[in-house]
Amino acid sequence: MRLRVSGQDTGDDYDLDAVSGDAAGAGSIPAGVALNAFAEAICERDPAGIAAARQALVADLGKAAMVDAAAVIAGFNAYPRIADATGIPLEDAKHQATADLRAELGLDALNQSAD
Amino acid sequence: MGMMLNEAPVAMRAEVQAALEQAWAELGAAGDWLDGATRVGVAAEARRAWDCALCDRQKAALSPYAIDGEHDQTGALPAPWVDVVHRLTRDSGRLTEAWFDRALASGMAEDEFIEIVSVTVLTTTIDAYFFGIGLALPALPDAVTGEPARQRAAEAKTGPGWAATIAPEDAGPDFADFYANDSHFYIRRALTLLPAETRRLWALLNTLYLEDPRVYELDGLDRAISRAQIEFLAARASALLGCYY
């Protein structure tokens, strides 16, 4: 997870539970609540939710930030689908480097079904 | 008709606009294994999936594979193709190797499967961006006449996931640059069974996120949000799709 790496680089401490749970910890990210609402609405294809979240995000960070946020969310509508459709595993080095994080977030319990 | 991005009410980075327009134009042209009409058909099916009642029920079910039925579909594609497009669009976090195996057992070539994935992902990604910035979705491009080469990449081997890919060490001189700067993460390799299609898709993805995620913070990059905000969005969107790659 590069969010943790970014925090280590800058000396910031982020609540990583915010990415996997109900995002209650999104407040540890600047404008995290608005960003989270924007990501949720786009991923759920909720037009009314997108409009409201867009407005809130523009109010918080401005139009340019909203457009850049939309680009990242759009990009991450691709990478997960590519990985999941082709069964791409984590690289060994990444698997080892994120062992603590995956345990912290309970991720190893997911995606264990054969069908 | 193009995407008419010059009429967008918000400014976007020039590289993003150029990549979007390029990707949309290429969507209607022959790919590596699918002709233009079929690619546009896959894109239309990816949009149709969002209004599919069967997908709604599968999404709500404890196991999506326990729910049978017929997808609401455009009618342009064979049923196994429709299932690939719809599940990938609506419930990608619960795709399994058995699902992949069934898709190939249905008669679709592995190369076709990869291009279906690529076109579905491209469509979903572009639509997500348009929804996000408040633009009406662009009309699908007209199909361009032309035939795909349909030539299997001989150097591709199965792995590291379910499908065949071109490993960095096996890449020929015409593709080795794709792995330049040691950027041979598995995700970048995932669709390389179709080298040209892979390049087309990544030309867009590189502009939306970061071409090289290993950069220290955002040194030299033009972004209006911080690296932490970018990574929060990346992680959150992945989690919402049920992916923890």
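Leaving aside neighbours within four places in sequence, A:Ala56 is in contact with A:Ala34 and A:Ala37 (contact: C-beta atoms, placed from the backbone, within 7 Å). A:Ala56 sits in helix H3 (residues 47-61) of chain A; helices here are DSSP runs of H or I, at least four residues, numbered from the N terminus. With 17 other C-beta atoms within 10 Å, A:Ala56 is partly exposed, since buried takes 20 or more such atoms, exposed takes 12 or fewer, and partly exposed lies in between. A:Arg45 is eleven residues from A:Ala56 in sequence and 17 Å away in space, C-alpha to C-alpha.

The model is predicted: local features need pLDDT of at least 70 and side-chain atom pairs pLDDT 80 or more, while totals for chains, interfaces and linings use all residues. Residues are numbered from 1 along each chain as its sequence is written, with chains lettered from A and ligands numbered from 1 in the order written.

Now for the core. The largest nonpolar core (buried Ala, Val, Leu, Ile, Met, Phe, Trp, Tyr and Cys residues joined through C-beta atoms within 7 Å) has 94 residues, and B:Leu233 is among those with the most contacts inside it. Helix H6 (residues 110-133) of chain B gives the largest share of this core, twelve residues. Beyond its neighbours within four places in sequence, B:Leu233 touches chain A at A:Leu35, A:Ala39, A:Ala69, A:Val72, A:Ile73 and A:Phe76.

Among the residues where H2(A) and H9(B) meet are A:Leu35 and B:Leu233. By class, seven residues of this contact are nonpolar, three polar and two charged (Pro joins the core's residue types as nonpolar; Asp, Glu, Lys and Arg are charged; the others, Gly among them, are polar).

Key: Helix = DSSP H or I, 4+ residues; strand = E, 2+ residues; numbered from the N terminus. Contact = placed C-beta atoms within 7 Å.
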